[in-house]
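Biologist: I'm new to this one, so I'd like to go through it slowly. Could you show it to me and let me ask how you know each thing?

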Amino acid sequence: MGEEAPEFRVDRITLGSKDCQENAIVVGDKTYVIGRTDDDSKSSFGIKILDKLTQTWIVPTVLGAQPPSKSHSAILINEEKILVVEKGVSLNDSIWFLEIDTPFVKQQRKIKGSEVVSWSKGVLGVAQKPVVISGPSGVGKGTLIAKLMKEYPSKFGFSVSHTTRSPRVKEIDGVHYHFAGRSKMEQDISEGEFLEFAHVHGNLYGTSIEAVESVTDEGKRCILDIDVQGARSVRASSLEAIFIFVCPPSFEELEKRLRARGTETEEQIQKRLRNARAELDQSNSPGLFDHLLVNDNLEACYENLKKLLSLDDDHKDSDGCFIEDGKATACYSIMSKTESEVFLQSETGEVVKAAANLLAVDLSSLTGGAPGRTRGLKIHSINSIDNCLKGIR
Ligand SMILES: Nc1ncnc2c1ncn2[C@@H]1O[C@H](COP(=O)(O)OP(=O)(O)OP(=O)(O)O)[C@@H](O)[C@H]1O
Ligand SMILES: Nc1nc2c(ncn2[C@@H]2O[C@H](COP(=O)(O)O)[C@@H](O)[C@H]2O)c(=O)[nH]1
């Protein structure tokens, strides 16, 4: 729905040089105005979109935690994202992205049937790809994951799913699952809080964005234990992951394990076995799973899982980001942009004389992550003003 252009205060946005200042970002037929709205108690970011074709203002649904709403500078980095650098906060907290047309935003726009944008915090460094483990109920996914977490407690973290099913004896809320009411879970899904969800064996299961992000924020590699429908949804999402399907040595052995576990009624076992056939059929879907593991002998299967995860090579994926001491606490604003980098200048620095006050954000390193965070930020100091000017020319 369009509306009259609102009263709207906007910080000045620097594009290219100090002589070329704009207070809005133009993307095709739309102009994104990123401003600060003040009410009596607090100030917050406001986003308005001017549709040039209809000359109407659109107020989009804004997803994600928003920046701390001090003053900011902003620049379009591609058709999907606007880089927003908050002033007056340390570098670690200052880099944000307003997602305007990422796959996540497109998906949310479809679900809501209206305009959506999403805040995404820039997180320094590259995280290792999450690992999605799927397979029929009773095949041993949970057993394999438990072994991995026990052997490598500081390397891996479990994505705690939400489910509407009742807890089993010994299952702890918040550890094995977040046990949730259906209406609350459905509401949270509709508000875009879930990376994926599926109806599995008669209950609703889902992975919240927070479940994955909280593991990654701890510097750990996230493990997801989800069904094949969920794996498909994650494959289609912006989360880059490794997908592993665990097969039983035979259907008879699967049934034996499921019965021996003793956690389901006969009716539920029958339902799970029926679904298992369908899941096994889908394990060969082109492009869905990267690896198939047969869980016959548990120890042998576990060793194969470790090989797949290249545990010996963990250190190779280190982020390689570089922030000098002191830079992390200084405040920066956007100075200019090239194809591959955005240059930031220290708010206190005299740019020409103090080249060390310049930083470059490497745009090619942005790998995304689950919505809410943009990972892979690499920032380095510009050691000479000439390097910076070369980039701009
Ligand atoms: N290789 C194996 N050989 C024999 N038993 C196994 C093996 N792997 C796991 N099990 C047993 O099979 C049962 C089911 O395993 P588990 O609960 O890990 O399956 P799951 O795939 O996580 O099931 P669900 O999807 O229902 O959560 C457990 O009792 C476990 O001890
Ligand atoms: N799509 C999703 N599937 C999930 C999730 N969490 C668990 N699961 C899958 O459900 C079945 C049954 O699990 P159980 O604990 O009731 O035995 C199993 O295949 C899990 O992989 C989720 O968040 N999303």
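Modeller: Let's begin with a cut-off: a residue is near a molecule if its C-beta atom, placed from the backbone, lies within 6 Å of it. Going by that, 13 residues surround ligand 1. Bear in mind that this is a predicted model.

Biologist: Which residues are the closest to ligand 1?

Modeller: Those are S137, G140, G142, T143 and R257. Two elements, α3 (141-151) and α7 (251-261), give two or more residues each to the shell around ligand 1. Sorted by class, this shell has three nonpolar, seven polar and three charged residues.

Biologist: And what comes nearest to ligand 2?

Modeller: S161, A198, Y205, I226 and G230 do, out of 16 residues around ligand 2. At least two residues of that shell come from each of β16 (194-200), β17 (203-208) and α6 (228-236). Its classes are four nonpolar, seven polar and five charged residues.

Biologist: Back to α3. What makes people say that its buried residues line one face of the helix?

Modeller: The buried residues of α3 are K141, L144 and L148. Seen down the axis, they fall within an arc of 75 degrees, so they line one face. There's a general reason to expect such patterns: an α-helix has 3.6 residues a turn, so residues three or four places apart point the same way. On the other side of α3, A146 and K150 are exposed.

Biologist: What do the buried residues of α3 pack against?

Modeller: They pack against four strands and a helix by name: β12 (131-134), β13 (156-158), β18 (221-225), β19 (242-247) and α9.

Biologist: How do you know that the buried residues of α8 are on the same side?

Modeller: In α8, R272, A276 and E279 are buried. They cover an arc of only 70 degrees around the axis, which puts them on the same side of α8. The other side has E266, E267, R274, R277, A278 and D281 as exposed residues. What covers the buried ones includes α6 and α7.

Biologist: What is the reach of α8 from its first C-alpha to its last, against the expected value?

Modeller: Helix α8 (residues 266-282) reaches 25 Å with 17 residues, close to the 24 Å expected at 1.5 Å a residue.

Biologist: Why is H72 called buried?

Modeller: The cut-off for buried is 20 or more other C-beta atoms within 10 Å. H72 has 25 C-beta neighbours inside 10 Å, so H72 counts as buried. You'll find H72 in strand β8 (residues 72-76).

Biologist: Then why is K87 called partly exposed?

Modeller: A residue is exposed at 12 or fewer such atoms, buried at 20 or more, and partly exposed in between. K87 has 15 other C-beta atoms within 10 Å, so K87 is partly exposed. K87 is in the loop between β9 (81-86) and α1 (91-94). H72 and K87 are 15 residues apart in sequence and 5.2 Å apart, C-alpha to C-alpha. K87 and Y332 are 245 residues apart along the chain, yet their C-alpha atoms are separated by 6.2 Å.

Biologist: What makes S310 exposed?

Modeller: S310 has 12 other C-beta atoms within 10 Å, so S310 is exposed, given that the class takes in 12 or fewer. S310 lies in the loop between α9 (298-308) and β21 (332-337). Its phi is near 45 degrees, a positive value in a residue other than glycine.

Biologist: And why is Q55 called exposed?

Modeller: With 9 other C-beta atoms within 10 Å, Q55 is exposed. Q55 sits in the loop between β5 (43-51) and β6 (56-58). Q55 also has a positive phi, about 55 degrees, although it is not a glycine.

Biologist: Which residues touch the most other members of the largest nonpolar core?

Modeller: V132, I133, V212, I223, I244 and V246 do, in a core of 37 residues. Apart from it lies another core, of 35 residues, among them I25, L63, L91 and I334. Leaving aside its neighbours within four places in sequence, V132 is in contact with residues including L224, I226, F243 and I244.

Biologist: How much of the protein chain is buried?

Modeller: Buried residues make up 36% of its 393 residues. The chain has 10 helices and 24 strands.

Conventions
Residues are numbered from 1 along each chain as its sequence is written. Chains are lettered from A and ligands numbered from 1 in the order in which they are written. This is a predicted model: local features need pLDDT of at least 70, side-chain atom pairs count only at pLDDT 80 or more; totals for chains, interfaces and linings use all residues. Ala, Val, Leu, Ile, Met, Phe, Trp, Tyr, Cys and Pro count as nonpolar, Asp, Glu, Lys and Arg as charged, and the others, Gly among them, as polar. The expected span of a helix is 1.5 Å times one less than its number of residues. The arc is that of the directions from the helix axis to the C-beta atoms. Two residues are in contact if their C-beta atoms, placed from the backbone, lie within 7 Å. A nonpolar core is a set of buried Ala, Val, Leu, Ile, Met, Phe, Trp, Tyr and Cys residues joined through C-beta atoms within 7 Å.
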